[in-house]
Amino acid sequence: MNLLQRVWRSSLGKKYVMALTGAALFLFVVGHMVGNLQVFLGPEAINRYGHFLKTTPEILWPARIGLLTCVGLHIVAAIALVGQNRAARPVAYAKLGAQGATAASRTMIWSGLIILTFVIYHLLHYTLTLASVNGYGLDFSTLRDAEGRHDIFAMIVMGFQKWPVSVFYLIAVSLLCTHLGHGVGSMFQSLGLKNHVWGPRIGGFARAASVILFLGYASIPIAVLSGFGGGHLAEMRTRAPQRASENPAVPARIELSHGTNAAGKGK
Ligand code: HEM
């Protein structure tokens with residue numbers, strides 16, 4: 001048996017795999033939030049950023065492959081650890097709650113699986129831009145800005161103007177932050193970096209990070225539902241007739257928030 005197989009077979013090895021892949025996913029979640037918050041700088045900033053990523057395959061593809069590998073290993077190790085723990089302790093403790101385990105720690109596997117479902121929806125929604133999942137019947141990748149780039153700003157605004165979509169994002173992000181609040185602490189513990197001095201500091205860092213991530217991610221759907229970005233859609237609508245051949249996907253009637261359509265008339 002080679003070293004990798006031995007590491008994988010041991011439960012400590014699987015905990016290491018979870019900790020290292022979890023750390024990489026945590027960094028992605030932080031970076032993705034910072035990238036997304038550029039939406040508040042306006043269409044130019046976020047469309048330029050998205051265009052840069054899409055036209056730089058030497059960054060995009062290694063990042064995607066690394067991300068997919070981490071997600072796969074993290075899930076497989078989590079499921080294997082749960083199986084191993086059940087096999088070692090076939091009779092569940094009668095009073096698990098009384099043993100000091102928090103609700104977040106007891107539900108890690110479930111919050112993780114719900115986050116996975118969200119990520120699959122999110123990829124269909126904003127990366128694969130399937131017309132059947134966004135509520136408009138429109139392929140979001142055909143939205144173009146005045147420079148001819150993918151109009152990510154418009155895509156985000158249109159996506160979150162559908163309130164059930166925004167509510168789903170808010171639920172998923174709150175679960176993600178609960179998951180991370182516990183996961184970041186476990187990660188340091190698995191790597192043997194948690195002791196009585198660092199333990200409370202790591203706990204504080206994990207709680208602060210999860211609150212900041214929640215506020216950062218939640219601010220976008222909440223802002224859109226409050227009217228943010230409606231002006232850009234109205235501007236697109238006035239541009240659409242002249243550029244119809246370049247931008248055939250701009251719908252004749254883009255919904256603006258507060259019940260008006262792009263022509264400024266109530267629904
Ligand atoms: C307000 C919340 C969010 C917004 C506005 C947002 C926005 C986006 C956008 C616009 C893309 C597509 C980029 C493109 O292909 O042009 C994307 C991709 C992605 N997002 Fe998010 N996202 C949010 C939350 C999340 C969360 C919470 C996660 C993780 C749990 C996540 C994980 C991903 C992944 C894995 C991709 C695929 C990256 C790739 O194309 O390689 N997103 N997101």
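**View 1. Residues of the shell around the ligand in the predicted model.** The shell around the ligand is made up of 12 nonpolar, 4 polar and 2 charged residues. Helices α2, α4 (57-88), α6, α7 (152-161) and α9 (198-225) each contribute at least two residues to this shell, and the largest share, 6 residues, is supplied by α6. Among the 18 residues around the ligand, those that come nearest are H32, N36, K54, R64 and H122.

**View 2. Coordination of the iron atom of the ligand.** The NE2 atoms of H32 and H122 coordinate the iron atom of the ligand at 1.9 to 2.0 Å, and the site is octahedral, with angles of 87 to 178° among its 6 donor atoms. Because H32 lies in helix α2 (residues 11-36) and H122 in helix α6 (residues 108-127), the pair ties together parts that are 90 residues apart in sequence. H32 is partly exposed, with a relative accessible area of 26%, whereas H122 is buried, with a relative accessible area of 18%.

**View 3. Surroundings of H122 in helix α6.** The side chain of H122 makes a polar contact of 2.5 Å with the side chain of Y169. When neighbours within four places in sequence are left aside, H122 is in contact with H32, T127 and Y169.

**View 4. Polar side-chain atoms beside the ligand, including those of N36 and K54.** A polar side-chain atom of N36 lies 3.3 Å from a nitrogen atom of the ligand, while an N or O atom in the side chain of K54 is 3.1 Å from an oxygen atom of the ligand. For H122, an N or O atom of the side chain is 2.7 Å from a nitrogen atom of the ligand.

Conventions. Residues numbered from 1 in each chain as written. Predicted model: local features only at pLDDT ≥ 70, side-chain atom pairs only at ≥ 80, totals over all residues. Heavy atoms only, no water. Donors = N, O, S within 2.8 Å, 3.2 Å for Na, K, Ca; no water. Tetrahedral: all angles 85-135°; square planar, octahedral: opposite > 155°, others 65-115°. Helix = DSSP H or I, 4+ residues; strand = E, 2+ residues; numbered from the N terminus. Buried < 20%, exposed > 50% of the residue type's maximum accessible area, 1.4 Å probe, protein only. Polar contact = N/O pair within 3.5 Å; in protein donor to acceptor, adjacent residues only side chain to side chain. Contact = heavy atoms within 4.5 Å. Near = heavy atom within 4 Å. Nonpolar A, V, L, I, M, F, W, Y, C, P; charged D, E, K, R; others polar.
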